[in-house]
Amino acid sequence: MDKSIERQKTAYSGVFKEKIDIYRELLRKTYSIKKELNRFRYVGTKEEGSEIMQNINDYIQFYNINQPFLSDSMLSDLKVLRSEFQDIFENFYMHISNKDPEDLTDFFKAGNKLRSNKPFEEIENRLIKEMRDDLRIKEFNKK
């Protein structure tokens, strides 16, 4: 009986560590793509655009592969985040590739969305909260 319990503890700890690693990688990829998009807005080239699009596709592939470790609400949030990344990227890319003044409105809207960080911050905070819940970490500042 003790060996069975010990095996379950070992298996659970491995799955738990894997889940935390996935969360950490999702955060790293999220921050990285935001940073790339911000840079792309100012000094982007078509070649850099291809690289960013590949990074967004890698992001999609990463969370799809790791679906068993993510809650349904987290997957939904990640899909929204991916959609925001693609929308911003497309608006920046259209402006950079066309240099058409008609595209400026969408270009500035995308830039403001990136600068305000609102759609990203909400999802990042939920991801961090889910990590903390899994780790059973409470906010240290609460008394």
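**Exercise 1. A pair on one helix**

The side chains of Arg28 and Glu25 meet in a salt bridge, with N and O 2.6 Å apart. Work out where this pair sits in the chain, how accessible each partner is, and which other residue Glu25 pairs with.

*Before you start.* You are working with a predicted model, in which local features need pLDDT of at least 70 and side-chain atom pairs count only at pLDDT 80 or more, while totals for chains, interfaces and linings use all residues. Residues are numbered from 1 along each chain as its sequence is written, and side-chain values use heavy atoms, with hydrogens and water left out.

*Step 1.* Check the term: a salt bridge here is a side-chain nitrogen of Lys or Arg within 4 Å of a carboxyl oxygen of Asp or Glu. Side chains of opposite charge can pair when their charged atoms come close.

*Step 2.* Find the pair in the chain. Arg28 and Glu25 are three residues apart in helix α1 (residues 2–43), so about one helical turn separates them. Helices are DSSP runs of H or I with at least four residues, strands are runs of E with at least two, and both are numbered from the N terminus.

*Step 3.* Look at accessibility. Buried means under 20% relative accessible area, exposed means over 50%, and partly exposed lies in between (1.4 Å probe, protein chains only). Arg28, at 45%, is partly exposed, and Glu25, at 22%, is partly exposed as well.

*Step 4.* Find the other partner. Glu25 also forms a salt bridge with Lys29, at 3.8 Å from N to O. Those two residues are four residues apart in α1, so about one helical turn lies between them. Lys29, with 17% relative accessibility, counts as buried.

**Exercise 2. A pair between two helices**

Which helices are linked by the pair of Glu84 and Lys113?

*Step 1.* Start with the atoms: the closest N and O atoms of the Glu84 and Lys113 salt bridge are 2.8 Å apart.

*Step 2.* Place each partner. Glu84 belongs to helix α3 (residues 72–98) and Lys113 to helix α4 (residues 104–116), 29 residues apart, and the pair links distant parts of the chain.

*Step 3.* Compare with the cut-offs. Glu84 is buried at 17%, while Lys113 is partly exposed at 25%.

*Step 4.* Widen the view. The structure has 11 salt bridges. Lys17, Asp21 and Arg24 are joined in a salt-bridge network.

**Exercise 3. The nonpolar core**

Describe the largest nonpolar core and say which helix gives the largest share of it.

*Step 1.* Know the term: a nonpolar core is a set of buried Ala, Val, Leu, Ile, Met, Phe, Trp, Tyr and Cys residues joined through side-chain atoms within 4.5 Å. In soluble globular proteins, nonpolar side chains tend to be buried together.

*Step 2.* Read off the core. The largest one has 31 residues, and Leu26, Leu37 and Phe85 are among those with the most contacts inside it. At least two core residues come from each of α1, α2 (46–65), α3, α4 and α5 (118–135). The largest share, nine residues, belongs to α3.

*Step 3.* Zoom in on Leu78. Leaving out residues up to four places away in sequence, Leu78 touches Leu26, Tyr59, Tyr63 and Leu70, where contact means heavy atoms within 4.5 Å.

**Exercise 4. Two helices side by side**

How are α2 and α3 oriented to each other, and what kinds of residues make their contact?

*Step 1.* Take the geometry: α2 and α3 pack at an angle of about 170°, with axes 11 Å apart. Axes are lines fitted to C-alpha atoms, for helices over the stretch in contact, and angles run from 0 to 180 degrees between N-to-C directions.

*Step 2.* Name the orientation. Under 35 degrees counts as roughly parallel, over 145 as roughly antiparallel, 65 to 115 as roughly perpendicular, and the rest as oblique. The two helices are therefore roughly antiparallel.

*Step 3.* Sort the residues. The contact includes Ile52, Met53 and Ile56 of α2, and Leu81, Phe85 and Gln86 of α3. The contact residues divide into 12 nonpolar, three polar and three charged. Ala, Val, Leu, Ile, Met, Phe, Trp, Tyr, Cys and Pro count as nonpolar, Asp, Glu, Lys and Arg as charged, and the others, Gly among them, as polar.

*Step 4.* Finish with Gln86. This residue of α3 is buried, at 17% relative accessibility. Gln86 touches Met53, Ile56 and Ile60, not counting residues up to four places away in sequence.
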